[in-house]
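Subject: Structure for your attention

Dear colleague,

Please find below the structure that I promised to hand over to you. My findings follow directly after it.

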Amino acid sequence: MAGTGPQGRAERRSAGALESEVLAALWATDKALTPAEIQSDIDGGLAYNTVHTILKRLHDKGLVLRDVDGRRGAYRPAKNAAELTAEAMHEALDRGPDPIAALQQFVTGLSPREEEALRDLLGGNGP
């Protein structure tokens, strides 16, 4: 949600933040949503045209799918949140010169709960 700046003007959210809010609204339901439904789900008074533009950008990136029902289009996520996060992690590893070093750094920052989950996933959680 956008806050207000020092002069009382509304602060603009970045395109990435808006895209994240729209994706969060889509992930929160099992049905496809129209731009108007998404607009009403998101706090902050976004204009319908802004929501529609964000959906078009997400569609162009392959992050949402558009279901056409008559003249109304409804959108649903192409991937769930976990799939999208995992994809971003893979892309980040692929960008760096040493993915093993990056993984080592990543693992050292895990919480005990996350570390335990990782051990369970890798089958290394002993008796």
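Helix 4, helix 5 (99-108) and helix 6 (112-122) each contribute at least two residues to the lining of the largest pocket. Please bear in mind that this is a predicted model.

The largest pocket

The space in this pocket amounts to about 400 Å³. Its lining consists of 14 residues, and those nearest the centre are Met89, Leu103, Phe106, Val107 and Leu118. Helix 6 provides the largest share of the lining, namely five residues. In character, the lining comprises 12 nonpolar residues, one polar residue and one charged residue.

A nonpolar patch on the surface

Three of the residues just named also appear in another feature: Met89, Phe106 and Val107 make a nonpolar surface patch of about 250 Å². Met89 belongs to helix 4, which spans residues 81-95. Met89 counts as partly exposed because its relative accessibility is 39%, and the partly exposed class lies between 20% and 50%.

Salt bridges

Side chains of opposite charge can pair when their charged atoms come close. In the whole structure, six salt bridges were found. Three of them are described here, beginning with the pair Glu19 and Lys61, whose closest N and O atoms are 2.9 Å apart. This pair links distant parts of the chain, 42 residues apart: Glu19 is in helix 1 (residues 15-27), whereas Lys61 is in the loop between helix 3 (48-60) and strand 1 (64-69). Are the two partners buried or exposed? Glu19 counts as buried, because its relative accessibility is 11%. Lys61, by contrast, has a relative accessibility of 52% and therefore counts as exposed.

A second salt bridge joins the side chains of Lys79 and Glu87, with a distance of 2.2 Å from N to O. Lys79 has a relative accessible area of 28% and is therefore partly exposed. Glu87 is likewise partly exposed, with a value of 29%.

Another salt bridge is formed by Glu115 and Arg119, where the closest N and O atoms lie 2.8 Å apart. Because these two residues are four residues apart in helix 6, about one helical turn separates Glu115 from Arg119. Glu115 is partly exposed, its relative accessible area being 32%. Arg119 also counts as partly exposed, at 42% relative accessibility.

Yours sincerely,

A colleague

Technical notes: Residues are numbered from 1 along each chain as its sequence is written. This is a predicted model: local features need pLDDT of at least 70, side-chain atom pairs count only at pLDDT 80 or more; totals for chains, interfaces and linings use all residues. Side-chain values use heavy atoms; hydrogens and water are left out. Patches are made of residues with over 30% relative accessible area and no salt bridge: like charges are joined within 9 Å, nonpolar side chains (Val, Leu, Ile, Met, Phe, Trp, Tyr) within 5 Å. Accessible areas come from the Shrake-Rupley method with a 1.4 Å probe; for residues, only the protein chains shown count as cover. A salt bridge is a side-chain nitrogen of Lys or Arg within 4 Å of a carboxyl oxygen of Asp or Glu. Buried means under 20% relative accessible area, exposed over 50%, partly exposed in between (1.4 Å probe, protein chains only). On a 1 Å grid over the protein atoms alone, a cavity is a set of points where a 1.4 Å probe fits but cannot get out, and a pocket is an open set with protein on both sides within 12 Å along at least five of seven lines; lining residues have an atom within 4 Å of a point. Grid points are joined across faces, edges and corners, and a volume is the space filled by probe spheres set on the points. Ala, Val, Leu, Ile, Met, Phe, Trp, Tyr, Cys and Pro count as nonpolar, Asp, Glu, Lys and Arg as charged, and the others, Gly among them, as polar.
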